[in-house]
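Work through the exercises below with the sequence and the structure in view. Try each task before reading the solution that follows.

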Amino acid sequence: MAIMPIDSVLGLPTALHARSYQAAVDEGYTPDPAAPPLDGTPASLAAHIDWLNTQGDTITLPDGRTVARTAHMQLWLTHAFTFIGRLNIRFRLTPELQRWGGHIGYAMRPNFEGRGFGRHILAEGIKAARRGGLKGLLVTCLDTNIASIRIIESNGGRLIDQGPHPWQSHLTARQYWIAE
């Protein structure tokens with residue numbers, strides 16, 4: 001039986017879904033680039049999941065700068081033991097996140113793309129962000145990511161700005177606002 005978006009739930013990353021998460025990475029899913037690398041061992045997977053659930057500390061940005069980690073929550077979209085995708089909620093925006101990243105970011109496992117899970121994970125993420133005290137939400141995507149544009153707009157996103165991506169000036173970033 002096929003998994004449907006309505007059958008999936010958001011929750012904190014746990015070892016319960018670790019094997020499926022590693023399988024997703026092996027299939028081409030891109031894990032959080034700031035997290036400790038995965039080398040296929042249980043120890044690296046455990047350290048990776050622990051890091052995803054850690055507050056504070058620092059992260060290294062794509063341009064090589066190290067900055068303080070903002071208050072955040074990473075949630076995994078899952079069904080039973082299957083990892084489907086991730087959603088990041090950032091409760092405070094740094095100047096960098098105001099330009100790229102916003103309050104919510106999400107990524108889907110490749111074999112779950114194009115099946116309604118992106119729309120579902122953002123809708124559930126908006127609810128979780130509001131329960132966490134956020135009202136209006138900034139969400140960003142590239143102008144070439146037609147799927148994300150549709151997902152954001154179908155969840156009430158209104159285009160407020162577009163311009164060069166802050167780290168890759170040859171790309172165009174779009175900023176959306178999702179009101180209360």
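**Exercise 1.** In this predicted model, find the strand that holds T78, decide whether T78 is buried or exposed, and list its contacts beyond its neighbours within four places in sequence.

*Solution.* Begin with the position along the chain: T78 is found in strand 4, which covers residues 72-79. Next, take the relative accessible area of T78, which is 6%; because buried means under 20%, T78 counts as buried. Finally, leave aside the neighbours within four places in sequence, and the residues in contact with T78 are D7, S8, V9, H17, F83 and I84.

**Exercise 2.** Place V25 in its helix, name the residues it touches when those up to four places away in sequence are not counted, and state how far V25 is from A46 in sequence and in space.

*Solution.* The first step is to locate V25, which belongs to helix 1, made up of residues 18-27. The second step sets aside residues up to four places away in sequence, after which V25 touches P31 and L38. For the last step, V25 and A46 are separated by 21 residues in sequence, while their C-alpha atoms are 14 Å apart in space.

**Exercise 3.** How many salt bridges does the structure hold? For the pairs E27 and R109, K127 and E124, and E153 and R174, give the distance between N and O, and then describe where the partners lie and whether they are buried or partly exposed.

*Solution.* The structure holds three salt bridges, and it helps to recall that side chains of opposite charge can pair when their charged atoms come close.

Take E27 and R109 to begin with, whose side chains meet at 2.8 Å, N to O. This pair links distant parts of the chain, since E27 is in helix 1 and R109 is in the loop between strand 6 (104-108) and helix 4 (117-131), 82 residues apart. E27 is partly exposed at 41% relative accessibility, whereas R109 is buried, with a relative accessible area of 6%.

Turn then to K127 and E124, whose side chains meet at 3.0 Å, N to O. Both residues lie in helix 4, three residues apart, which is about one turn of the helix. K127 is partly exposed at 45%, and E124 is also partly exposed, at 26%.

Lastly, E153 and R174 form a salt bridge in which the closest N and O atoms are 3.9 Å apart. This pair also links distant parts of the chain, with E153 in helix 5 (residues 146-154) and R174 in strand 9 (residues 172-178), 21 residues apart. E153 is partly exposed at 41% relative accessibility, while R174, at 13%, counts as buried.

Note on methods: Residues numbered from 1 in each chain as written. Predicted model: local features only at pLDDT ≥ 70, side-chain atom pairs only at ≥ 80, totals over all residues. Heavy atoms only, no water. Helix = DSSP H or I, 4+ residues; strand = E, 2+ residues; numbered from the N terminus. Buried < 20%, exposed > 50% of the residue type's maximum accessible area, 1.4 Å probe, protein only. Contact = heavy atoms within 4.5 Å. Salt bridge = Lys/Arg side-chain N within 4 Å of Asp/Glu carboxyl O.
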